Structure formats: structure tokens, C-alpha cells
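Biologist: I am new to this structure and would like to be led through it step by step. Could we look at it together, one question at a time?

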Amino acid sequence: MGEKKKKIIKTIRVDVDKCNGCRACEVICSAFHAEPKYSSNNPARSRVRVIRHPLRDIYVPVYAGEYTPAECMGRDRYTIDGKEYEECAFCRAACPSRDVFKEPDSGLPLKCDMCESDPDLESPMCVQWCLNDALVYETREEELEEDPAARQQEVEVGLEALANKYGLQKVMDAVARMSKKDG
Amino acid sequence: MRYAETGFNLEIDLSRGNIERVENDPAETELYLGGLGTNAKIMWDRVPPEIDAFSPDNLLIFSAGLLCGTPAVGCNRTIVTTISPQTGLLAFSMMGGFWAPELKYAGYDKVILRGKSPDPVYLYIHNDKVEIRDASHLRGKGSNETADILRREVKDSNAQVAAIGMAGENRVFFASIEQGRSSASRAGIGAVMGDKGLKAIVVRGTRDINVARPAEYMQLCNEVLQYIKKREDNPIPGVMPILAGLGSPQEMKIHDEKWHTENFMWGNSRVRRKDFWTEDIAKEWTRTLETARTRLISCYNCPMKCGGTISIPGLPTYLMKCFSKLTYTMAAFSNLDFGLKIAQRATEYGVDGFSAPQVMAFALELYENGILTDGDMPELPSDNEGRFYYLLDKIVRREGIGDVLANGTYWAAKEIGKGAEEYAHNNIKKIEQLPLKLSMLNPIYFLMYCTGEKINITQIEGQFPQMPFPAREQREEFVKDWIQVPDDRFKQYLLDWEPRGENSMPFYPTVPMCCDIVDWQEKMHYIDDALGMCAGLSSFPLKPPYHIHNYPKFISSGAGIDMDEAKLSRAAKRYRTLVRAINIRRGMRREDERPPENHWKKRFPELEKELLDTYYRFKGWNEQGIPTRESLEELSLDYVGEDFEKRGVLAGNGDSPAPGAPAGEAKE
Ligand code: SF4
Ligand code: SF4
Ligand code: SF4
């Protein structure tokens, strides 16, 4: 067990009523995370996705959360303000049943990292580019237990996704090849 | 590696059902940039003047602009290019929205369509997968309806759909191509799409778009974003509200329509209602818009919110922008409620919101004056609103008199005869114009109306204030941070421009100054149309974030093409001249270049002649408006000069007649 620590929790408050559906958040998120930085952009790689149904007046920016290896059993539908939302519309998971929040070529899961960078940004890129204040950056302090296992878990999630896509043997071969190169 | 562009076009032969992915030539990008520029080159090379709009050999090109799909804010235009059935000349309407960036992400710069499909089809593009698919189940469906069905069919709510409605299917000469929030409307390009049997293009892409020098490019994008913020917080004082900010005119946002309703003409561009805007009407119209409009919406990667979601109880939801808010209302002498309702149907049918209401008002004027009779209009309703719905339905189906009206006021008047031509009084080059009738000649606008080849004033005007500021201090204040001017002399033009006295219109700005100003205005529009930039952030508003000084940097660091102001200006002049060459080769001459006879009450024939003569010379055109051999060679357009020579265009000095029959004459 880790010790108790004060930690800054970063959150983005989403006001869907203010969203104009422009997808600037998707553009800049994918550009910021390109290698090298800003060298390309591709909304399909963005870690925020705007669920849009213009003719039903639905605009919901959703942030990529955890990877989940299995899809949900039941799929629910929601009616809010007389509008019915599609199954999975708000779900933040990269899951086997859909392409959302996965790299288009590798299928690796994507997760919003709050634009983690050194030095820290003043605010995340998607917030900076949303001039309509649909996305507002907020921080708060919380006491938290450090969990050194969390990092390791993230690595495993990525490997698992690759294994699901290409088969475990291929991934192991690739790792073996890479370690040879490094050595 | 290609930057900003993908380097590939799709070549689709609809007659043979053939699909090819073809690499395009980077050398052409350097010369013609992209978007409209490279479209014009393709049209020149492949569509000779003998080909009319409804020939299978006419091309229909959907092009993304050079910088579409990069993070450049507001760069999302699709430039559609073809030969217009209405004018017989080049049509190059554009649409905003989301389509062009999606095409880029799918891996293509252009979709070039030729031939005709015998049965209705739609094109489905998903990265490498490109298919021509059956669309018989979509026949007669509305444009939004079609988009909705197709998104479900391809199981992808992120697919972008450009579709025609019934008007396009029936080759109405002012049919549009609709794309939800936006449309490419002018000059009947929807009719060409319908003629080709193409109901829609569905596109979805998940590929990267690269830029050449990332850090530099992003810095420029951020500067634009900061500037937009600053301009939004500091509207320009001393001009009317819709000209004070950025974006397309903010018709969905503002309620105060005093200026439009009292200065633009009602009916068939006839009646000015000087005391129309009362407090009661303001209240009623505000309520109407507030109730119907559920959200303000933007195009791809733009914060400006020029569009609105319109939901009227009992009608399907649709998306609206700009001045179509008032065109139906004013043409029918009705109210905003009617305007918003009929626009819903017109959007599904897919018609141009400028031309369609005027064609209907024109028909009703003919009816009131006994030129069209009850025999032509069986069961015509008695109220104006009812009549508009009646006519709209007839036109898009080409039923009865609708078949004649569907060719627009110019051709309809010719066919109807009996003096109907007098009533088709608001056209330039055969296309219906904004309903404006003014008192005294404005020399700047005179040149724009005459020579604008998009044949729509909003697509050439901009940047320079429409009117002089009354006080010198105001002018001094205005020019202080006017960084957009290509040269400081433009500031001086404005500083010395007075509402009255020696330095006032029509003799000031002087003829050479007018040429200089109009050339700058037009140049910026042409650059936008090649890069895919929204005019609302560039060529149209006062003090926009994009201008001649930062554009070269965007192109260099974005597309990796070495660019400076001189080279960019030359490129723009090159494809601008090529657009003119295409039209000249199709018969356009000086006599076609004039505003509607009654646009201004007070005209100055001598001054007008001098303006046009001087402007033609300034542009490198002869007295017929034909680019001279010398000026063509200067722009490396020698091949145009050779073609002119072969066809006797330059030698004959322009007596080849403008096309005399509408494209529909060759109806099967
Ligand atoms: S940038 Fe803001 S307004 Fe635009 S889609 Fe994203 S959340 Fe909505
Ligand atoms: S916070 Fe950063 S990583 Fe997360 S969605 Fe926004 S831009 Fe992307
Ligand atoms: S300024 Fe308006 S019309 Fe232009 S891209 Fe932005 S939202 Fe669209």
C-alpha cells in the first residue's frame, strides 16, 4: 500500500449547451499528441470526441477513459430532454465493440492524459482551443493513495490490446526483436 | 512526402463505373495552389468550350482547399467546380461545413467526376474503399433526409454527406448541393450533379494530414486564434453590427433587421419599405427566431457560430446560415415565421436561397401583370405564402410553368416572351443578384459587379469599408491597426475619403484607386478559394485574422512550398486569369459585364467607361476584357495564348457571341 499524498486533480467541466460542434478540440488534441508534436493531425486519433447528431441537435464532447477488454452485456438507451441517445454514446472506454478511442492503424487504446507535458501547460490544449467555453479547465486538491501498480497496469492494458489485435505470438516476436535492437 | 495536401485525386467515370486513384503533380500546386486554382487548370485542360453543362464530358469537381484538414482555424471549404447550366460559364461555388477536411483525412484532395450514370447512384469513400452504390431508394428524397439515411446505411455518424434534393435531380438551374450546415448554391451546380445521376457523396477518413514545419505552423494558428478573440471583444465602431465582427454575416445571432428590411428590396426586387422595422415587428421576429433557433453552430474547426439549428414544431429540424433567413420573407412580403418555414422545405429540395425566392416573386409579378395567366397557374392559392409554396413545389418537379421557371428568370423570361424580359431585371450574366436598388453609383461596387466571375457580390467584396467614415478622427482611428492592407497607400485612400465634397463618390476614390482597391478585394477571395479558407475569416470582413502578410507563411510552413507575398499574388493572378480565360473561350465579353440597368438611379456613363477601360488595362486584359498575349506570357500561361490564337479569340476581338441557348435545350 502506498502512503497518503496530496494530489492535484485536474478536470474538465463540459457544458454541452455551449458546444457549437466545431471539433476544434479533436483537431488540436490529435495535433498535440502527434510525433513530432504538431507534425500532423487526425481527429480519429483524438482523445476527446464530439458525439454529433446535428439534425437532432446533439453535441456531446466525450473524453477517452480506460481501456476495457470486454464489451458491456446490456446496452442502455437514454432519453434526455426528449432526445434519445445512442447506445454507448457517453461511454469513455476504448472497448472491443467499437473503433472509438483507438489508434486507427494499430488499434491501440487512446486515453486522455490531460496533455501531460513538461513543463505543465497552463491548461489542456482542447480547452485552449474551445473559444466557446464548452470546455472549462478546473483543478482541485485531494488526498490520495499512491498506487505504484497503476503504471504497470497501463502498460499491460496496451499490450493486451495489441495481443487482441495481432495475436500474442506476434507481439512477443516484436518485443524480442526490439530488445535485440536495444541491446 | 506531401504536406497539407494528400497528393491524390479520385477520378470517377460515372458512365463506366470506373474508379481510379491518381497522384497529382506537385508542380501544379506550386503554380495554382489548390482548390479553385487547380480546379481551373483541370477545367481548362479537359473541358473545351464545345462541352455544355449537361454533356457527359462536363466535369464536376469537388475539391478541398490546399490547407483544409490542417489546424488552420476556419479552413474547411469545399470548392465545387463545373460548367453552369444557367450561364454556360465556369461555376465555382464553395461550401463550408465538414466535408472537405473529411475528404483530406480519407486521403484525397479532389474528387473529379465525369460521365453520367443511367441510374441514380451515390459515391461512398472510406479511406481506400471507394464504391459507386445504388441510390434508387433515395430518389426524390430531401437533402437532409438523404444524409440521414446514408449515415445509417454506412453505420457511421461521422461520415460527411454532400447531397442534392429533388431540385438537383430534376436539373433546376439554381439547384444547390447541400451538406447539412452548408451548401454550394450558386449557378446551378446541383443540376449538374443531378444530370450525372449522382445523388450524394459520402466521405469518411481516418488518416493523418501532415504539415511541413509543425512548430512554426502551430504558432501561426495560435496567433489567428488570439486575434479572433481580440476582434470578438473589440467590434469595429462606426459600422453596422453585421459588419463590426468576424465570420459570415451573423444573421442567426442578431435580431435587429432594420438595415436589411429597410434597405434591401422586397418582392421581385422592387419595393423599398423605409419604415418597416417597427417595435412590434422587432418583438415578433425576435420571438420567432428565439423559439425556432435551438443552437448556434460552427463549421469545422471554427469558433464563429455563423449557423443556426432551426426546429419549428411540426417540421423536421434543419440548419441555416446567413441571409437566406430573409430572402423568402422579403420576396413574399411576409414575416420571419414564414421565411424560416419555407426555408426548411427549400433546403430539403436543395435550391439556392438567393435565386429561388426571386424566381418565385418574378413569376407572381408576371401573373399580377397578366403575362402569366390562370391557365399557366392552375389552382394558384390566393395568399402570397401559399403561392410561394405552390411555385416552389412546381419548380423543383418541373411541373407545368415550373418547368419554365426552373431555368431561372433570364431563360424563363425569354421563353415566356410577351414583355417578360422587363421583369427579369435583377440579373448579372444571367444570374439573379441580391435585391438591392440604390441611388448613386458607387465606383468600387461598379467594378466588382461588372467583373466578378463568381457573379455574386458577397464573393468579391470585403476588407475595405463600404462607406467613408464621416469624421477624420474615425478614419485615423480605423487605420491605426489596419495591418491587413497590402500597402500603406490604401490607408491614405481611406483617410481622404469623404462622404461629401470633392473627395466623395462617385469621383473619389479616383479611377486608379478603385482599380487598386477592387484588385486587392478580389485577390483575397481567390486566395481563400484555393486554400479552402472561409471568407468570413479572411476576404469578407473588415480586419480579418488572415491576410496577405500571414498567408505566405501559412503556405510555406504548412504545405512546404516556398512562398512570399509577391509569389502568392502572382499565383492568385495566374488562376484568376485562367478562370477568365475559360469564360472568354466560352464567349463572355465586355457587353456581359454590367450591373443590372436599374441597380443605381444615378449613373455616370463616361466615368463607368473609364473605370472599366482602366481596370481591364490594370488587369492585363484588352478592351473586350480578354487577357492579352503579353499578360498571359507574364503569368506562364502561354498555352492559353496559343489556344486563343488557334480559336481566333484574340484576333477576332470578341465578336464571338455569348451562349444563346440554355443548357437544357439539349434535353433528352
Ligand atoms: S472545441 Fe468546444 S465548441 Fe468545438 S466541438 Fe469541441 S467542445 Fe464543442
Ligand atoms: S486534455 Fe489534452 S489529451 Fe485530453 S482530450 Fe484534451 S487535448 Fe486531448
Ligand atoms: S466563420 Fe462562420 S462560416 Fe466561416 S468557417 Fe467559421 S463558422 Fe463557418
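What follows is a conversation about a predicted model, taking the contact between two chains before some elements within them.

Biologist: How many residues does each chain give to the contact, and what is the area buried between chain B and chain A?

Modeller: Chain B brings 39 residues to the contact and chain A brings 32 residues. Carbon and sulfur atoms account for 53% of the area that is buried between chain B and chain A, and that area comes to about 2900 Å².

Biologist: Which residues in chain B lose the most area to chain A?

Modeller: Three residues in chain B stand out here, and together they make up 19% of what that side buries. They are Asp208(B), Met218(B) and Arg295(B).

Biologist: Which element gives the largest share of the side of chain B that touches chain A?

Modeller: Several elements of chain B each supply at least two residues of that side, among them helix H3 (99-106), strand S14 (209-210), helix H7 (214-233) and strand S15 (293-297). The residues of this side divide into 19 nonpolar, 14 polar and six charged. The largest share is seven residues, and the element that gives it is H7(B).

Biologist: Which residue stands opposite Ile209(B) in S14(B)?

Modeller: Strand S2 of chain A, residues 40-41, pairs with S14(B) over two bridges in the antiparallel sense. Within this pairing of the two chains, the residue opposite Ile209(B) is Asn41(A).

Biologist: With which residue does Asp57(A) meet in a salt bridge?

Modeller: Asp57(A) is found in the loop between strands S3 (48-53) and S4 (58-63) of chain A, and with a relative accessible area of 8%, under the 20% limit, Asp57(A) counts as buried. Leaving aside neighbours within four places in sequence, Asp57(A) is in contact with Lys83(A), Thr294(B), Arg295(B) and Thr309(B). A polar contact of 3.2 Å joins the side chains of Asp57(A) and Thr294(B). The salt bridge of Asp57(A), at 2.8 Å from N to O, is made with the side chain of Arg295(B).

Biologist: How many salt bridges are there between chain B and chain A?

Modeller: A search of the whole structure finds 66 salt bridges over all chains, and across the interface of chain B and chain A there are also 16 residue pairs in polar contact. Between chain B and chain A, the count of salt bridges is three.

Biologist: How many residues apart are Asp120(A) and Lys10(A)?

Modeller: The side chains of Asp120(A) and Lys10(A) meet in a salt bridge of 3.7 Å, N to O. Asp120(A) is in the loop between strand S6 (83-85) and helix H2 (125-129) of chain A, whereas Lys10(A) is in strand S1, so the pair links distant parts of the chain. Asp120(A) is exposed at a relative accessible area of 54%, while Lys10(A) is partly exposed at 31%. Their distance along the chain is 110 residues.

Biologist: Is Arg475(B), which forms a salt bridge with Glu498(B), buried or exposed?

Modeller: The closest N and O atoms of Arg475(B) and Glu498(B) are 3.1 Å apart. Because Arg475(B) lies in helix H18 and Glu498(B) in the loop between helices H19 and H20 of chain B, the pair ties together parts that are 23 residues apart in sequence. Glu498(B) is partly exposed, with a relative accessible area of 28%. For Arg475(B) the relative accessible area is 0%, and this residue is therefore buried.

Biologist: Why is S4(B) largely enclosed by the rest of the structure, and how many of its residues are buried?

Modeller: On one side of S4(B) the residues Thr78(B), Val80(B) and Thr82(B) are buried, and on the other side so are Ile79(B), Thr81(B) and Ile83(B). Strand S3 of chain B runs antiparallel to S4(B) and is joined to it by four bridges, while S6(B) pairs with S4(B) over two bridges, again in the antiparallel sense. S4(B) is largely enclosed because its buried residues number six of the six.

Biologist: Which residue in the hairpin of S4(B) and S5(B) takes a positive phi?

Modeller: S4(B) and S5(B) run antiparallel and are joined by two bridges, and in S5(B) the bridge partner of Thr82(B) is Ala91(B). The hairpin has six residues between the strands, and the residue with a positive phi, near 75 degrees, is Gly88(B).

Notes
Residues are numbered from 1 along each chain as its sequence is written. Chains are lettered from A and ligands numbered from 1 in the order in which they are written. This is a predicted model: local features need pLDDT of at least 70, side-chain atom pairs count only at pLDDT 80 or more; totals for chains, interfaces and linings use all residues. Side-chain values use heavy atoms; hydrogens and water are left out. Contact means heavy atoms within 4.5 Å. Buried area is the accessible area (1.4 Å probe) that two parts lose on being put together, summed over both. A salt bridge is a side-chain nitrogen of Lys or Arg within 4 Å of a carboxyl oxygen of Asp or Glu. A polar contact is a pair of N or O atoms within 3.5 Å; within protein, one must be able to donate a hydrogen and the other to accept it, and residues adjacent in sequence count only if both atoms are side-chain atoms. Ala, Val, Leu, Ile, Met, Phe, Trp, Tyr, Cys and Pro count as nonpolar, Asp, Glu, Lys and Arg as charged, and the others, Gly among them, as polar. Two strands pair if DSSP finds at least two bridges between them. Buried means under 20% relative accessible area, exposed over 50%, partly exposed in between (1.4 Å probe, protein chains only).
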